[in-house]
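Grab a pencil and work through these exercises with the structure open beside you. Try each task before you peek at the solution.

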Amino acid sequence: MSLKTGLRVVVTGATGNVGTSVMQALGSDPQVDSVLGLARRLPDLPLPKAEWAIVDLAAPTAAHQLERHFVGADAVVHLAWRFQPTHDPVVTWQANVLGSMRVFQAVTATGVPALVHASSVGAYSPGPKEGRGVDESWETHGWPSAAYCREKAYLERVLDTYERDHPEVRVVRMRPGFLFKETSASEQRRIFAGRFLPGPLMRPELLPFVPDMEGLRFQALHTDDAAEAYRLAVVGDARGAFNLAADPVIDAETLGELLDAKVVRVPRLAVRTALAAGWGLRVLAASPHLFDAVLRLPLLDTARARGELGWEPSRTSIEAIQEFLRGVREGSGLPTAPLAGHKAH
């Protein structure tokens, strides 16, 4: 890996779960001189070497704004993503897909040499839930009924064409599992459970059982560990896709232990029916289509990230989820619009 110094990096979606960790990781690297964080709303979050600017990727003016901010950058880390509203996929498509395409075009227009893009395990086609997991060659067609997966998969195809047409740009695609940290807990509760589930209800005595069903096996990772992979991609010379996940694989038994709750075998259809009813009534924020996708996502083989990036997670998946659960119960957050919690930090 060649040594680079004096780097100027721009990060989109810099105030969210991954963005705040990436900003901190880059700001702590002596090879990085400055980090510009772009977001829809300015945060009150001082970080080393950080500056902030407002850009809404879905706005007609975004293309011009991005080009202005990208001039002179050595790398762009593209993290910006809207999970909501799940009832209006046109809104998320405009922000996530069309907004991402504006980012890619601005990278080319301004001659930025490196683009690090946040893809996801959600981009992968259904795959095995056992064994060592799939490598980065597994098909990325997503699960078509889930907007999140559909959009992530579509952008994989966009980047295929982009890399063909712009070989001068070093493109890295990160495909992490589920990302958790304490200070993202309030945001993730709002995104997936909705505002009607208070964090204090996430107590073991109020969650008497964990449903066990076919396909409930997934991988998790602490967000700060994912951010370290992004940092390595920025300062190094790697190209291509990288799976990111920590051990062990999470299943119903593991969740039962974490929540001190009994594990009960439940038909998948029964759980989906309940989720669909809650989503239809707008009580739950996450769609049943995302539930369908989660139960089909493959496990990830992370050998390439470990070998080529020299990346190793510093926390287990269990530690990441424990930290998240603590954050949910305590209303943890950060002074950014996406991560705002219910207590001061």
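**Exercise 1: the cores**

Find which residues touch the most other members in the largest nonpolar core, and which helix gives the largest share of it.

*Solution.* Start with the core itself: it has 38 residues, and Val11 and Met174 touch the most other members. Next, look for the main contributor, which is helix H6 (residues 223–235), with eight residues. Keep in mind that this is a predicted model. Now zoom in on Met174: leaving out residues up to four places away in sequence, its contacts include Ala229, Tyr230 and Ala233. Val116, His117, Ala118, Ser119 and Ser120 are also among the residues that Met174 touches. Finally, don't miss the second core, which is separate and has 26 residues, among them Leu36, Val55, Leu57 and Ala73.

**Exercise 2: H1 meets H6**

Work out how the axes of helix H1 (residues 17–27) and H6 cross, and which residues make the contact.

*Solution.* First, the geometry: the two axes come within 8 Å, and the crossing angle is roughly 55°. Angles of 65 to 115 degrees would be roughly perpendicular and those under 35 roughly parallel, so H1 counts as oblique to H6. Then the handedness: H1 passes H6 in a right-handed crossing. Now list the residues: H1 brings Asn17, Val18, Ser21, Val22, Ala25 and Leu26, while H6 brings Thr223, Asp224, Ala227, Tyr230, Arg231 and Val234. Sort them by class and you get seven nonpolar, three polar and two charged residues.

**Exercise 3: H7 meets H11**

Do the job again for helix H7 (residues 252–259) and helix H11 (residues 317–330).

*Solution.* These axes come within 11 Å and cross at roughly 45°. That angle makes H7 oblique to H11. The crossing is right-handed. On the H7 side, look for Thr254, Leu258 and Leu259; on the H11 side, Ile318, Ile321, Gln322, Leu325 and Arg329. By class, this contact of H7 with H11 has five nonpolar, two polar and one charged residues.

**Exercise 4: a residue in a loop**

Decide whether Thr15 counts as buried or exposed.

*Solution.* Locate Thr15 in the loop between strand S1 (7–12) and H1. Its relative accessibility is 6%, and the cut-off for buried is under 20%, so Thr15 counts as buried. Who surrounds it? Apart from neighbours within four places in sequence, Thr15 is in contact with Thr20, Ala39, Arg41, Pro43, Trp52, Thr336, Pro338 and Leu339.

**Exercise 5: backbone oddities**

Hunt down two cis peptide bonds and two residues with positive phi that are not glycine.

*Solution.* Here's what you're up against: most residues other than glycine have a negative phi, and most peptide bonds are trans.

- The bond from Gln84 to Pro85 is cis, with omega near 5°. Pro85 sits in the loop between strand S4 (75–78) and helix H3 (89–110).
- The bond from Asp247 to Pro248 is cis too, with omega near -5°. You'll find Pro248 in the loop between strand S11 (240–244) and strand S12 (250–251).
- Lys49 has phi near 65°. This residue lies in the loop between strand S2 (32–39) and strand S3 (50–54). With 33% relative accessibility, Lys49 counts as partly exposed.
- Arg282 has a positive phi of about 65°. Its loop runs between helix H8 (268–280) and helix H9 (288–294). With 55% relative accessibility, Arg282 counts as exposed.

Definitions and conventions. Residues are numbered from 1 along each chain as its sequence is written. This is a predicted model: local features need pLDDT of at least 70, side-chain atom pairs count only at pLDDT 80 or more; totals for chains, interfaces and linings use all residues. Side-chain values use heavy atoms; hydrogens and water are left out. A nonpolar core is a set of buried Ala, Val, Leu, Ile, Met, Phe, Trp, Tyr and Cys residues joined through side-chain atoms within 4.5 Å. Buried means under 20% relative accessible area, exposed over 50%, partly exposed in between (1.4 Å probe, protein chains only). Helices (H or I, at least four residues) and strands (E, at least two) are DSSP runs, numbered from the N terminus. Contact means heavy atoms within 4.5 Å. Axes are lines fitted to C-alpha atoms, for helices over the stretch in contact, and angles run from 0 to 180 degrees between N-to-C directions. Angles under 35 degrees count as roughly parallel, over 145 as roughly antiparallel, 65 to 115 as roughly perpendicular and the rest as oblique. A crossing is left-handed if the near helix is turned anticlockwise from the far one by less than a right angle, and right-handed if clockwise. Ala, Val, Leu, Ile, Met, Phe, Trp, Tyr, Cys and Pro count as nonpolar, Asp, Glu, Lys and Arg as charged, and the others, Gly among them, as polar.
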